[in-house]
Every structure is written in C-alpha cells, then in structure tokens.
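Hello,

Here is the structure I promised to pass on to you. Please have a look at it first, and then read my notes underneath.

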Amino acid sequence: MKLSQFKFKLPEEKIALYPSKYRDEARLMVLHKKSHTIEHRIFKDVLDYFDDQDVFIFNDTKVFPARLFGNKEKTGARIEVFLLRELNEKLRLWDVLVDPARKIRIGNKLYFGEDESMVAEVIDNTTSRGRTLRFLYDGPHDEFKQALYALGEPPLPNFINRRPTEEDEERFQTIFAKNEGAVTAPTAGLHFSRELMKRLEIKGVNFAFITLHAGLGNFRDIDVEDLTKHKVDSEQMFVEDEAADIVNKSKEGGHRVCAVGTTVMRAIETAAGTDGNLKPFEGWTNKFIFPPYEFSVADSMIANFQLPMSTLLMLVTAFGGYDFVMEAYDVALKEDYKFGTYGDAMLILND
C-alpha cells in the first residue's frame, strides 16, 4: 500500500471542534463486512450488536494536561512546551517539545505561571523540536506534579483549532481513565457513558482493560510513499493477566471480542501469541498496522472517523478492508458525519 491511497478531501467543517452533547449520542456507522452493508445508528445502539459473554477491550490510559505556556528568561518570549514524558522523577527531568524551537537553547531558563514560580532549565537537545527540561522545584514529587499539572491544559490535537475549555477537562478523557501517561485521548473510548457501560454489564458483556499511553506519534505526518519504510513512535503498554484471561475466555467460547479504538488494536496485536490468544505484556510497542494484515485477537472494532493519510486510518482499513472502509468514508462525508477526536464513530463487524 502507498501513502497516496489514503488521501481524501476532508473539508474543515467536517472536523468536530466540540464533543457531542452526551457521550453516547454521537452518530454510529455500522459496517457488516460479510454482507458489505452499512447501517446508520446512534452510538448507544452499540448495545444491540453484543450479547452475554462478549467482551469489550478498553484502553484505561489517562491523559495529563501536557500543554504549558511559559516565558523565556530575559526576552520574555512566549514559548509553548508540550510535556511528553517524565524521564527522571528524582531529578525532575522531562522530555518535551518546544515551539518555537529555534529560540530555545541549552542553558535557557523558562518561567511558568502568572507569578513565574515554576522554573525549568534546558539541559539537552533531543531532536530539532525536542528538549530535556529540568524543573527547579524543591518540594515532594507529588506536590511538584500537582503544581506542574495545574499550569497545563488538555492537549487537544492541533486540528481542533481552538483553546481548551473547562468542558474539555472532562470530555478529553474516558470515564474509565486510570493509569496516567497519555498525551492524547483514546478517542473511541470517549463515547462510552456510565449509563451505557451499566446497560452493557446488565446484558452480560464483559470488560477487559489494557493500558497503552497514546503519544503524539498518532498525529505525526508520514513523509514516505512506501508505507513499509515508515517508522512509528514507540508507546508504553501493559496487558495484565486478568485482561488476557477475560479476552481468551470469550474467544474460546466463540463470543465476540471488540477492540475499542486503534490504540487497543495495536496493543492486543503486539501482545498476541501465535495461537491468537492474548498474552500478558509489559513494555513498548511501535507496531504499525496497514493493509494487508491478518488480525488474531479481535473480530470487531470501534473507531472514530480518522483524518486523511493517518496511521489510524491505515489500521482501520486493514481491519475493515481497504475498499469497504474507503467507500464508507465517502458515505460519511455525504451524510455529514463528523471526523477526528470529538467526531462520530464506526463499528466494524466481521459478520
């Protein structure tokens, strides 16, 4: 497959800038692979397609407020700092992106907060945009993290071209978010409300939770036409024994296994054994899935409508079939479905 095969015209007005009023009331397009048919539903209707002992696999990563704005010493220039991950808890070292990068050099100090009480020093250049910052803070680590996060805002993707609101603090996070470490939300999981989860539970559907800390690599442009030459960023992930047991039990019983989102699908394919069962896993993945690809764990998946030429779209077409998914995207554009993080969803079923 070539990069250009995933190009389509997406008008700006088709990108959702805000979430739907209620989590479970976004639109849902249902794709039946065997019959090659498409249905138009509301997200909470997902309940109609799953039964007792089926299983949903969710990503319980938690997004932290990764985007900060500070000022450079002496010049006072406004600098955006995007926290990627903590490198050393004791030394307060963080891997970050800075913008504009050309203004920031090793030894520069950056000041954050209205009173400029949070100070960081640039100690290393990791990439053209990346830096290592050492935060100069004396208190306990928990207190430092609290103070740092109080200065940050929800890291909405750049295609949501607006400043975050209070609503984003709640809605750019799944209701089951638990393990902190993501800089972007696992978007398919955003549609699940407490009410919908309860109704699925009453129906006998099981839930398995894995953790994959979604990074900015999900939005990075691909600059090669030959997809076999593209490398994706590594992301940290965890699959516990309990999650593997729940999934494998459903599979053995011939029940449906649904991957909620592209992050879940990458994680479970990384942790899949040769027998198609899910194995416990702790480590990093840089798995890049694009057509053709043979999936081993899930037989259904939920995903938002993705942006053109994204690795996320490539994974969805690998699962749903390139021609069928791209045809469904044409339908979505004509029927005014919304795309992106806060957009509508697609359920792909193997039957």
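Below is what I found, from the overall build down to the cores.

Please keep in mind that this is a predicted model. The protein chain has 7 helices and 17 strands. Its radius of gyration is 21 Å, close to the 20 Å that the globule rule gives for 351 residues, so the chain is as compact as a globular protein of that length. Along the principal axes, the C-alpha atoms fill a box of roughly 65 × 40 × 40 Å.

How do the contacts run along the sequence? Among contacts with a separation of 6 or more, 72% are between residues 24 or more positions apart.

Now for the surface and the inside. About 16,400 Å² of the protein chain is exposed, and carbon and sulfur atoms supply 46% of that area. The chain carries 46 positive and 57 negative side chains, with the centres of the two sets 4 Å apart. Of the 351 residues, 54% count as buried.

In soluble globular proteins, nonpolar side chains tend to be buried together. Here the largest nonpolar core has 55 residues, and Met 265, Ile 268 and Met 346 touch the most other members. Helix α7 (residues 322–334) gives this core its largest share, 7 residues. Met 346 is a good place to start looking: beyond its neighbours within four places in sequence, its contacts include Leu 28, Leu 31, Ile 302, Phe 305 and Tyr 329. There is also a second, separate core of 24 residues, with Leu 68, Phe 82, Phe 112 and Tyr 149 among them.

Best wishes

Terms used
Residues numbered from 1 in each chain as written. Predicted model: local features only at pLDDT ≥ 70, side-chain atom pairs only at ≥ 80, totals over all residues. Heavy atoms only, no water. Helix = DSSP H or I, 4+ residues; strand = E, 2+ residues; numbered from the N terminus. Rg over C-alpha atoms; globule rule 2.2 N^0.38 Å. Buried < 20%, exposed > 50% of the residue type's maximum accessible area, 1.4 Å probe, protein only. Contact = heavy atoms within 4.5 Å. Areas by Shrake-Rupley, 256 points an atom, 1.4 Å probe, with all protein chains shown as cover. Lys, Arg positive; Asp, Glu negative; His and termini not counted. Charge placed at Lys NZ, Arg CZ, Asp CG, Glu CD. Core = buried A, V, L, I, M, F, W, Y, C linked by side-chain atoms within 4.5 Å.
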